[in-house]
Amino acid sequence: MKVLAADGISPKGIELLQKEFDVDVRDKLPAEELLEIIPEYDALMVRSASKVTAEVIARAKNLKIIGRAGVGVDNIDIPAATARGILVINSPGGNTIAATEHTMAMMLAMSRNIPIANETMQKGEWNRKKYVGVELRGKTLGVIGMGRIGSGVAKRAMAFEMNVIAYDPYINEERAKALGVTVGTFEDVITKADFITVHMPLTPDTKGMIGMEQMKRMKKGVRLVNCARGGIIDENDLAEAVRSGIVAGAAIDVYTSEPVTKDHPLVGVPGIVLTPHLGASTVEAQIGVSLDVSRGIIAALHGKPVATAVNMAPVSPQVMKVIAPYLTLAERLGGTVTALADGPVERVEVTYNGEITEVNTGMLTTAVVKGMLNPIMESEVNYVNAPGLAKERGIKVTEVREKEAEDFANLITVTAFFGGKELSVQGTLFGMEGRIVRINKFRVDVDPHARILVCPHINRPGVIGTVGTLLGSQSINISGMQVGKTEEEGTNLMVLTVDDDIPVSVLEQVKAIEGIFDARLVNFYAV
Ligand SMILES: NC(=O)C1=CN([C@@H]2O[C@H](COP(=O)(O)OP(=O)(O)OC[C@H]3O[C@@H](n4cnc5c(N)ncnc54)[C@H](O)[C@@H]3O)[C@@H](O)[C@H]2O)C=CC1
Ligand SMILES: O=C(O)C(=O)COP(=O)(O)O
């Protein structure tokens, strides 16, 4: 398999990847060239410079995973990747300290005029009077976005004896209190703070969140910092506010369009300190993100789940340990439902019983859906695109969790509803072996590893034998047989494990046998 590492990824992770795959390293990759070469690759690793657009994704015929060696994934078209079943992963914590420390450095550099003092001194000037600064101690810092970086900045600002007031509509108040910050509204932050720093992603909500209107309501002499994403603070408005003295100073690391050229509105404005997106650029952070994402790529290309997936519900390693043995079984129960259902499934309900209900079973439900859709879809169905594909096809998926399990320690029951009818298949794990233990009302014990032929039939001598003779005459070997019974007399369920595929014409012949009500082949190789 082939991996493309663009944008200057630290060699530490590349070395790991090279042990397993062919890796092409392209530190500077023009957009047109990325489009041209992307069809060759199974994995793509980027930082913020490469734009992984819908067009790139459409051409990426072999791509299975995009690794973002950093936090922000705004340079990747996530919906396009998800629709194609391409996993997107990032390194959510790998550069947190680097970005946090850069924010502190920017705040201090701006407050003490360090960049301009250095620049003039390099020219031979000695100007002590002109560059009198302000202290951080005793000032109020407004932190907007109290995630990893925002919290780290708040913590460090408190060490500088600043008062911190934070705004984050999604933050758990207890966590904010534990950090020792005051939680306020957006209005509180913009009207009370002496310094304001933003630490959230660029979204339709956060874009232009701070513009001229907000700056005019801020304290006189306010100083602003943006080390998150360009455009959260409107660039044109900021340039004007600093020039006109509404804002005393600003420190900016990120821009709406990068790289920035000389004609950018923030370039050349006295009082504004600029860095070229250096927040994550430390030796330590680059090693960290490179290793994180390379390990994720290796896991994903080996078919293993990755905890830092951006376009899949996250699963902790503890939960993964519990559910991993059930994933194949869940998928095969889904496949069985598709093979046995008489019409398009409108709703599927996955019921969990027993110890497994103690963890989040969301990924198992996705495995059921994946197993249901894979045999009937042209394109690959995987953990990333399965929920979206089910939605697209109008299949409602629900989950029920019941603590009690009657005869088994754990049970997964998949019930499909279609055209006023329902069908259910139940499975459990014996040791590490998945078994199907019930199909509708029939108790069975089937190893879902090969192909099975499922035939409801009349409970009468000779019916099973006739099926066996017919398959034998077609050189189809039967390697296992189960007859599922119910309390009621009359109908039984024959489940034959067969070693060979059964052509449609032979299936039709089986169906035509007197006493056979139906014949369905479940091909687990296709699941
Ligand atoms: N300059 C650089 O090189 C770097 C920049 N970043 C950027 O910094 C930003 C923050 O990163 P992390 O702290 O790691 O992310 P995070 O996901 O840990 O935190 C983001 C926080 O923003 C909050 N948030 C979302 N919408 C909000 C809104 N409308 N108003 C207020 N808060 C809101 C969320 O609740 C969350 O707590 C991201 O945009 C990331 O891309 C990250 C690393 C390096
Ligand atoms: O991780 C992030 O969100 C960053 O902005 C860092 O970007 P970079 O990897 O340095 O191009």
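In which loop does N113 lie? The loop is the one between α5 and α6 (114–122). This is a predicted model, and N113 is one of the residues in it with an unusual backbone setting to be described. N113 has a positive phi of about 55°, although it is not a glycine. N113 counts as buried because 20 other C-beta atoms lie inside 10 Å, and 20 is the number from which a residue is called buried.

S475 offers a second case of a positive phi, here about 60°, and S475 is not a glycine either. Its loop runs between α17 (463–473) and β20 (478–484). S475 is exposed, because 8 other C-beta atoms are found within 10 Å and the limit for an exposed residue is 12 or fewer. A further backbone feature is the peptide bond from E258 to P259, which is cis, with omega near 0°. P259 is found in the loop between β11 (249–252) and β12.

The overall layout comes next. The domain assignment divides the protein chain into domain 1 (2–92 + 284–301), domain 2 (96–274), domain 3 (315–440) and domain 4 (450–527). Domain 1 is thus given as two segments of the chain. Taken over C-alpha atoms, the centres of domain 1 and domain 2 are 31 Å apart. In the contact between these two domains, domain 1 supplies 4 residues and domain 2 supplies 5 residues. On the side of domain 1 that touches domain 2, 1 residue is nonpolar, 1 is polar and 2 are charged.

An open sheet of 7 strands can be followed next. Its order is β8-β7-β6-β9-β10-β11-β12, and the pairing is parallel. The edge strands are β8 and β12 (272–274), each of which pairs on one side only. Strands of a sheet pair through backbone hydrogen bonds, either parallel or antiparallel.

Starting from the β8 edge, β7 and strand β8 (residues 182–183) pair in the parallel sense over 2 bridges. Here I165 stands opposite T182 in β8. Strand β7 covers residues 163–167, and it is largely enclosed by the rest of the structure because 4 of its 5 residues are buried. On to the next neighbour: strand β6 (residues 140–144) runs parallel to β7, with 5 bridges between them. T140 has N163 as its bridge partner in β7. The chain passes from β6 through α7 to β7, and this β-α-β crossover is right-handed. β6 also pairs with strand β9 (residues 195–198), again in the parallel sense, over 4 bridges. In that pairing, I144 stands opposite V198 in β9.

The helix of the crossover deserves a closer look through one of its residues. Is A154, which is found in helix α7, buried or exposed? A154 is buried, because 23 other C-beta atoms lie within 10 Å, against the 20 or more that the term requires. Leaving aside residues up to four places away in sequence, A154 touches V143, M146, V164, A166, L179 and V181. V143 lies within the range of β6 (residues 140–144), while V164 and A166 lie within that of β7 (residues 163–167). The C-alpha atoms of A154 and L141 are separated by 8.0 Å, and the two residues are 13 residues apart along the chain.

Helix α7 also leads to the first of the ligands to be described. How many residues surround ligand 1? There are 31, and the closest are G72, G147, Y170, M200 and G279. By class, this shell holds 15 nonpolar, 11 polar and 5 charged residues. α5 (96–111) and α7 (148–159) each supply at least two residues of the shell, and the largest share, 3 residues, comes from α7. Domain 1 and domain 2 each contribute at least three residues to the shell around ligand 1.

Ligand 2 is surrounded by R47, S48, A69, G70, V71, G72, N95, H277, G279, A280 and S281. Its shell divides into 3 nonpolar, 7 polar and 1 charged. G72 and G279 appear around ligand 2 and are also among the closest residues to ligand 1.

Notes. Residues are numbered from 1 along each chain as its sequence is written. Chains are lettered from A and ligands numbered from 1 in the order in which they are written. This is a predicted model: local features need pLDDT of at least 70, side-chain atom pairs count only at pLDDT 80 or more; totals for chains, interfaces and linings use all residues. A residue is near a molecule or strand if its C-beta atom, placed from the backbone, lies within 6 Å of it. Ala, Val, Leu, Ile, Met, Phe, Trp, Tyr, Cys and Pro count as nonpolar, Asp, Glu, Lys and Arg as charged, and the others, Gly among them, as polar. Domain bounds come from an automatic or database domain assignment. Two residues are in contact if their C-beta atoms, placed from the backbone, lie within 7 Å. Two strands pair if DSSP finds at least two bridges between them. A crossover is right-handed if, with the strands pointing away from the viewer, the path from the first strand over the helix to the second runs clockwise.
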